[in-house]
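This report goes through the salt bridges, the sheet, the aromatic contacts and a surface patch of one protein chain. Please keep the sequence and the model in view while reading.

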Amino acid sequence: MQVQIKIEQCEKPYCVIHAAVETDGIKQLAEKIASMDASGKSAVVSGWDGDFCIQVKTQQILRIYSLDKKVYLECETEKEPLLLKMRLYEFEELADRCGWTDFIRISNTDIVNLSKVQKFDMSFSGVVKVIYGDERFAIVSRRYMNKIKDRILMRK
């Protein structure tokens, strides 16, 4: 297979595959490329719905949370949360290794995707409510309050 890299001004890297016919191999190649981020690392997480493993792109994840000693992920494409077969700290380490900088822990039980946050409600008495998606929200614990404020106010 011939490969060519062309450097030009563009907002985000993109890939075009030229082929005479669309074969299964070309489809698999396109899916593999689509599941990568700009650094070439995988940008997909596996969530479980019963016996079905569902591949979720990181940009579709709204929130990762733990409930009853299990970890779930909420995403835009699925109505019900998917079971994530890893601990919250393991997801944090994975996100750090893969450079997924949009994910931030807001409590002992929640990690949110900041790119999916619609607004931060700071009207409660010192409590920050993170609103994402259709009337979905999570509460920032006091332990993580300064971290969140530093991140959203872009201060160090």
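K6 and E8 form a salt bridge in which the closest N and O atoms are 3.8 Å apart. The model is a predicted one, and the distances and areas here are computed from its atoms. K6 is exposed, with a relative accessible area of 64%. E8 counts as partly exposed, at 38% relative accessibility.

**Salt bridges**

The K6–E8 contact belongs to a wider set: a search of the whole structure finds six salt bridges. Three of them, including K6–E8, are listed below with their N to O distances.

| Salt bridge | N to O distance |
|---|---|
| K6 and E8 | 3.8 Å |
| E74 and R136 | 3.0 Å |
| K116 and E76 | 2.8 Å |

The pair E74 and R136 meets through its side chains. This salt bridge links distant parts of the chain, since E74 is in strand β4 (residues 70-75) and R136 is in strand β10 (residues 136-140), 62 residues apart. How accessible is E74, buried or exposed? E74 has a relative accessible area of 10%, and is therefore buried, the cut-off being under 20%. Its partner R136 counts as partly exposed, with 26% relative accessibility. Both residues also belong to a network of salt bridges that links R63, E74, D110 and R136.

The side chains of K116 and E76 meet in another salt bridge. Here too the pair links distant parts of the chain: K116 lies in the loop between β7 (110-113) and β8 (117-121), while E76 lies in the loop between β4 and β5, and the two are 40 residues apart. E76 is partly exposed, at a relative accessible area of 44%.

**The sheet**

Strand β4, which holds E74, is one of seven strands that form an open sheet. Their order is β2-β1-β5-β4-β3-β7-β6, and the pairing is antiparallel. At the edges are β2 (52-57) and β6 (103-105), each of which pairs on one side only. From one strand to the next, the twist averages 35°.

Within this sheet, β1 (residues 44-49) and β5 (residues 82-84) run antiparallel and are joined by two bridges. W48 stands opposite L83 in β5.

**Aromatic contacts**

The edge strand β6 also takes part in an aromatic contact, through F103. The count of aromatic pairs comes to four. In one of them, the rings of F91 and F103 have centres 5.1 Å apart and planes at 85°. Why is this pair edge-to-face? Planes over 60 degrees apart count as edge-to-face, and the planes of F91 and F103 are at 85°, so the pair meets that cut-off.

F91 is in helix α2 (residues 88-98) and F103 is in strand β6, so this pair links distant parts of the chain, 12 residues apart. F91 and F103 are both buried. Together with W100, the two residues form one aromatic cluster.

**A nonpolar surface patch**

Which residues make a nonpolar surface patch of about 600 Å²? The patch is made by M1, V3, I5 and I7. V3 is found in the segment before α1 (24-34). With a relative accessible area of 68%, V3 is exposed. K6, of the salt bridge with E8, is likewise exposed, at 64%.

Note on methods:
Residues numbered from 1 in each chain as written. Predicted model: local features only at pLDDT ≥ 70, side-chain atom pairs only at ≥ 80, totals over all residues. Heavy atoms only, no water. Pairing = 2+ DSSP bridges. Helix = DSSP H or I, 4+ residues; strand = E, 2+ residues; numbered from the N terminus. Axes fitted to C-alpha atoms, helices over the stretch in contact; angles between N-to-C directions. Patch = residues over 30% accessible without salt bridge, like charges linked within 9 Å, V, L, I, M, F, W, Y side chains within 5 Å. Areas by Shrake-Rupley, 256 points an atom, 1.4 Å probe, with all protein chains shown as cover. Salt bridge = Lys/Arg side-chain N within 4 Å of Asp/Glu carboxyl O. Buried < 20%, exposed > 50% of the residue type's maximum accessible area, 1.4 Å probe, protein only. Phe/Tyr/Trp six-rings, centres within 6.5 Å; stacked < 30°, edge-to-face > 60°.
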